[in-house]
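Visitor: I'm new to looking at protein models. Could you walk me through this one?

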Amino acid sequence: MDEWPQILRGSLRTPDEIAAHFGLNKDEIRKVARAFKTQITPYYAGLIKHKGDPLYRQVVPDAAELERNTGLADPLNEDEDSPVPSVIHRYPDRLLFLVSHCCASYCRFCTRKRKVGDPSKIHPRYIEDGLDYIRSHPEIRDVIVSGGDPLMLSDARLEYILKELRAVPHLEILRIGTRVPCFLPQRVTPKLAAMLKIYHPLYVNVHFNHPDEITPEAAKALGLLADAGIPLGNQTVLLKGVNDDPAVMRRLMQKLLFVRVRPYYIYQADYVQGTDHLRTTVEKGLEIMDALRGWTSGLAVPYYVIDAPGGGGKIPVLPKYVQTINDEQVVMRNYAGEIYAYPQTQSGQKKRSRKEKQPFVTPCYGVTNAPPIG
Ligand SMILES: *Cc1c(COP(=O)(O)O)cnc(C)c1O
Ligand code: SF4
């Protein structure tokens, strides 16, 4: 018998349960829960050390979520790129396939909270439409199975979806995006790992935001997936009071590598309604990237991206390493802020027009001396 269904059933679910557990105002939490579903697994609640700590801030509802002055319901205009309700098709060769409206716990900053937790928006009956869409679009070679959290489906239901996808001749890779290894690592059983490995090449992207989330239980879950030959990547959301600190973020990235997960993206928090209290400045993200590159393993350095409001997709943002670039040389600064020049090749240099000589490096952030972190 798997232990995880029982763990899941023991979640703090209703506003009253959550308010009582954390000593909060019942009416306030009820109001917030009407805007976005609440749930915290007992496992994750047990990792919270005190009110307002980095794990608490991610999952415990806050009255600030009712703030409607900033943010958008659908900041990435996903609904416009949604040919059928279960598909978000934005890029040329890959798409998101929403297969579950449930999550093990609900992140208060969720970008898709207009849909997540609501079975009328992400419904099993839309899955067949999504499969048909994928089958009839030969340009799609990569499907990201998402939601909600796909690992909240039963093994059998998830296997049905993976099997149908694998039967599509033009699909090369499958990906699963899940926060289950963070919120409910017990869900990752040897049986699940054995099922998943049938559908290779399969990649799993997990979602950890703080080093305290990398527990022995999480390490075990990730180990099962890695042992099944599944390359693991991680997506982190940069959040105020959670991981907006270079030392915390560096530790998180290092701990991820230690449990065989390659950091993939750090997301600037999306412009989602009711999440302003969790957003940071973009400068903070650049400061963090500056404190990663060079200061620790290159493998621990993900891309920092802003998912462009309006639906432009993920745009990488880098500290400004290239200072000037011309026909003779490229002047750069290294991670420690020292300046170096790289001579350009002189062979075959054709005369370029003045316009072309304009530096094509967009000035983004003028850090000259990266802060070493202790
Ligand atoms: C993030 C995302 C993808 C996947 O992007 P990659 O950069 O390939 O990981 C695909 N579709 C949508 C709509 C996305 O938001
Ligand atoms: S696990 Fe993902 S989909 Fe679910 S609430 Fe968190 S961010 Fe949203």
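**Pockets, ligands and odd bends**

Guide: Sure! Ligand 1 takes up the space of the largest pocket. Keep in mind that this is a predicted model.

Visitor: Which strands give two or more residues to the shell around ligand 1?

Guide: Strand E2 (94–100) and strand E7 (262–268) do that.

Visitor: And how do I read who the neighbours are? Which residues are around ligand 1?

Guide: A residue counts as a neighbour if one of its heavy atoms lies within 4 Å of the molecule. Here that gives Ile88, Arg90, Tyr91, Arg94, Leu96, Ile144, Arg175, Tyr264, Tyr265 and Lys314. Sorted by class, this shell has six nonpolar and four charged residues, with no polar ones.

Visitor: Tyrosine has an oxygen, though. Where do polar contacts come in?

Guide: For those, look for pairs of N or O atoms within 3.5 Å. Tyr265 has a polar side-chain atom 2.5 Å from an oxygen of ligand 1. With Tyr264, the distance from a side-chain N or O atom to a ligand 1 oxygen is 2.6 Å. Lys314 has a side-chain N or O atom 3.0 Å from an oxygen of ligand 1.

Visitor: How much of ligand 1's accessible area does the protein cover?

Guide: On its own, ligand 1 has 390 Å² of accessible area, and the protein covers 90% of that.

Visitor: Now the other ligand. Where does ligand 2 sit?

Guide: Ligand 2 sits in the largest pocket as well. Around ligand 2 you'll find Cys103, Tyr106, Cys107, Cys110, Val116, Gly148 and Arg179. By class, that shell splits into five nonpolar residues, one polar and one charged.

Visitor: I've heard about cis peptide bonds. How do I spot one?

Guide: Check the omega angle of the bond. From Gly147 to Gly148 the peptide bond is cis, with omega near 10 degrees. Gly148, one of the residues around ligand 2, is in the loop between strand E3 (142–147) and helix H7 (155–166).

Visitor: Where else should I look?

Guide: Try the bond from His200 to Pro201, which is cis with omega near -5 degrees. Pro201 belongs to the loop between helix H9 (190–196) and strand E5 (202–206).

Visitor: What about phi? What is the value at Asn77?

Guide: Phi there is near 50 degrees, a positive value in a residue that isn't glycine. Asn77 is in the loop between helix H5 (54–59) and strand E1 (87–88).

Visitor: Let's zoom out. How is the chain divided into domains?

Guide: Domain 1 covers 78–316, and domain 2 covers 320–374. Their centres, taken over C-alpha atoms, are 34 Å apart.

Definitions and conventions. Residues are numbered from 1 along each chain as its sequence is written. Chains are lettered from A and ligands numbered from 1 in the order in which they are written. This is a predicted model: local features need pLDDT of at least 70, side-chain atom pairs count only at pLDDT 80 or more; totals for chains, interfaces and linings use all residues. Side-chain values use heavy atoms; hydrogens and water are left out. Domain bounds come from an automatic or database domain assignment. A polar contact is a pair of N or O atoms within 3.5 Å; within protein, one must be able to donate a hydrogen and the other to accept it, and residues adjacent in sequence count only if both atoms are side-chain atoms. Accessible areas come from the Shrake-Rupley method with a 1.4 Å probe; for residues, only the protein chains shown count as cover. On a 1 Å grid over the protein atoms alone, a cavity is a set of points where a 1.4 Å probe fits but cannot get out, and a pocket is an open set with protein on both sides within 12 Å along at least five of seven lines; lining residues have an atom within 4 Å of a point. A molecule sits in a cavity or pocket if more than half of its atoms lie within 2 Å of its grid points. Helices (H or I, at least four residues) and strands (E, at least two) are DSSP runs, numbered from the N terminus. Ala, Val, Leu, Ile, Met, Phe, Trp, Tyr, Cys and Pro count as nonpolar, Asp, Glu, Lys and Arg as charged, and the others, Gly among them, as polar.
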